[in-house]
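Welcome! Here are a few short exercises to work through with the structure on your screen. Try each task before reading its solution.

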Amino acid sequence: MIKLPSSIYNSTKLVFIVMISLVLVFILNNVWQFISHIDELSFSKDSSLVTSDFSYTIDRDNSLDIKTLIKNKESKALFIPSLANDIPYELGHQSYWVKININNNTANIQSVVLHADNSRLAFFDVYKVNAILESTTQIAQQKPTPEQETLLDVFPHVAFDLLEKSTVQVIAHIKSNGPPNIPLILYSKENFDKRTDYVQMTFGIFIGIMLLMAAYNFVLFFATKDKVYLVYIGYLLSAFIVIAGVTGYGYLIFSKQIQYIIHEYSLFLDYFMIFFLLLFSLYFLRYDQIKGKFYRVGLTSCLLLILVAFYSLTLDQIAQTKLFFSIQPIFILYALFIIFRRLSKDFAWARFYFISWLPFLAGAAIQPLVLLNYVDSTFITRNAFLFAVMIEITFMAFALAERMRRNEQDRIHDISYHDFTKLPRKSMLENAMNEMKNSGENDFCVLIIKPEHIEQISLYIDDKANAALFKRLSRRLSSLFIHNDAIVELSSNHEKICFLENNCLAIIVNHEKNQQDLPILIKSIQQLISETFQIDDLKLPLSAVIGVANHPEHGSANYLLINHALLAVNDAQLVYGRWAYYQSEKSDHTSYLLKLATDLKAAIEHNTLAIYHQPQIDLKTLRVCSSECLIRWDHHREGFISPDIFIPLAEDLGLINQLTLWVIKRSLAQHQQILVNNNHMVSINISGKDIAHEHFFTNALSIIEESGIAAEKIILELTESASISHNQQSLELIQKLGDLGFTISIDDFGTGYSSMAQISHLPFQELKVDRQFVENVNDDHKRKTIAEATVKMAKGLGLEVVAEGINSQEDEDTLRSFGCDIGQGYYYAKPMPIDDYLDWLASQNNGRTQKRIDLDGEFIPADKI
Ligand code: C2E
Ligand code: MG
Ligand code: MG
């Protein structure tokens, strides 16, 4: 596929936008011309054919009648000359008498229409005056067809003919039930029909836009479940009903009864329009998501509006009108206030919505001014509100579309960026890799940077401090990468560093563009990171471990490359230089271990593991005092597998509890066999991962109880690190076990980092010196010194000391000379299955090893009954 460069794409887009805008401006201009032309249809604008002059009188108490008006001189004199548009209509109960002298200046008969442009008239009675006879005839409002009947409701009018070159005097008696202004306009019959057509067309367009918007937003609501669309539809409908009422156009689509109801409750409906507008502002601008005080005030205002709306029903029309127009601005101002608040924070976000308010405000201001007769009544001003709402809802739809785009953008941002560090996530790294592959750039690598000890460091700091650390790291690294084209950009914001959840940073290096050798780049990254970093007040020396996986050599799938680079990070921790490429053999090893773990679980469940016993010898009496139970696994394919391999595996994969419980059960069962003929103890290895679980001990204790073997006969071996590093809860558990009578033994002492002082206060009774200090103890001076010091110090603390790994008579003698109590090692016996062990025990001389019979003394297990 041919890819267009982004500059060409952008300028093409711009040309299209400009072209579409020009066409729209052209169409709108024509529509405007057309609308402006509508007013020119009336005679008042074209005085050469038919001219008219107006005079009026206000019938304050509605006491005048037509007869008096034309007969009574005084009454006649009441008429005040005026221009058609200048009759001072006011809100109130009064009616108006308007006298119009109409001159036909042409030599033809003119069919004319007198139109009272107010659809809420209480009456509109027009009389033709015969001045000579001082009589009148009422001009009937013809109602031949239902369609014309509707037109009469929307456009109250009377039609009559003017004879050639004649003057006709008519008197109109009018009163409004709604807005006070009643413009009287004279049309030729033909132009009046045109005007009604135009109005119907305008209203038709309005309904069309409305329905389209409503339907579209209804669909959007179902797609997004965002309430804002429903509120918008609520606004559309309320605006539509209000406008249908105000303009009288509602007669064109509603039944008379409905239109009467709309008229009757027009102000009540106005409240709903403001209600929806305010609610829309709250939802649109996402105040509902923040739920702050502005939202609460907004909602309360909405509620208040509804209450006032219902209250206003108890008032008469005039009081209702005054109440509405005096409180409406408060709510409009509040809506504007929350819009400005949003606008000041995020202009792009609220701009269309803000723009939509401008026509609305203009329309909302003009319409009442026309109805109250403060502004000239023209087709545009009288329909200002309708046009304003039309423009407004169009902009609102734009704003909603923009909001949707922003929501989508935010959603993508949330998916793409890490919450705390604000760095791109793994998905962006993968996208960048996909793009490279798609454009045929296959020679790249994923490089993962991990601050050393970050797992431990992150235990001491909160998420915020951790994020701050990574932000600072990435800022530093960005300055290193900014001019390096080989480091691939992950986003249009030119970000190059991605944050992986396990506290690592990752980048992609394009080998084709890389000018320097990879080791040099790695070195510079490490150098930059090794500068001291600060976390709160603590300055930490950080160092970076780096793993690299090459595409396609180390994997072609994105996830594989990333995982392999992560595996390489693990290897890097062990090598000089602290960085490593991924090694595929290692991966085979990993899957091998996984398979092994599956087999191990099966072995536990099918009882195919075995317990071997290795005797422990009381060095004073040389009698066998106990045996250490050691697990053996004869794998069906691999043969014997060392516990040094599968115990850590069981620990890592969470199988250890199950395994240890199995060992305890089996060891104790076998120990029952040993006890038949021997005074003997049993030593069982417990993993550090076991004591972290309280339920493990409950299970272990119930197994021990079931076995019937006294706690005093059982030694539990815990490795040094497991016993020291655990928390208070673990220590309490160990203490509890000691209290129950178990002997707690520290295994492999000397391999960990704990000092004798550290363990002195812990609840142990026995210490096992690791075999590396015992085996051939005499061959190495250092070893001997350590063994001696260890044994002596442990004895000084009152502990029983076991030396494991006794391989010879010399080892035994030396350890005994240091004061060691018990010996264990190949010198006496290798670990063996229970039957062999029972035979071995039976072959001993009174439980004493044959090797030396000259020694005597206290026999350790003897006091532990
Ligand atoms: P450990 O508890 O220190 O067990 C002693 C290890 O030293 C055993 O190795 C034993 O066979 C070996 N050993 C005894 N005498 C000598 C000697 O004179 N020379 C030499 N070179 N080695 C000697 P094994 O059975 O391979 O066990 C290794 C480790 O595996 C154990 O060390 C223990 O930490 C763990 N382990 C074994 N069985 C279990 C078990 O049932 N549960 C747990 N949690 N760990 C176990
Ligand atoms: Mg052990
Ligand atoms: Mg040991």
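**Exercise 1. Find how much surface the protein exposes and what supplies it.**

Step 1: The protein exposes about 42300 Å², an accessible area from the Shrake-Rupley method with a 1.4 Å probe.
Step 2: Carbon and sulfur atoms supply 58% of that area.

Before you go on, note that this is a predicted model, where local features need pLDDT of at least 70 and side-chain atom pairs pLDDT 80 or more, while totals for chains, interfaces and linings use all residues. Residues are numbered from 1 along each chain, chains are lettered from A and ligands numbered from 1 in the order written, and side-chain values use heavy atoms, without hydrogens or water.

**Exercise 2. Compare the radius of gyration of the protein with that of a compact globule.**

Step 1: Over C-alpha atoms, the globule rule is 2.2 Å times the number of residues to the power 0.38.
Step 2: For 865 residues this comes near 29 Å, but the protein has 49 Å.
Step 3: Look at the box too: along the principal axes, the C-alpha atoms fill roughly 165 × 65 × 50 Å.

**Exercise 3. Describe the site of the magnesium ion (ligand 3).**

Step 1: Donors are N, O and S atoms within 2.8 Å of the metal (3.2 Å for Na, K and Ca); water is not among the atoms, so sites may look incomplete.
Step 2: Asp-747 (OD), Asp-748 (OD) and Glu-804 (OE, listed twice) coordinate this ion at 2.0 to 2.6 Å.
Step 3: In sequence, the donor residues follow the spacing D-D-x55-E.
Step 4: Asp-747 also coordinates the magnesium ion (ligand 2), and the two ions are 4.0 Å apart.
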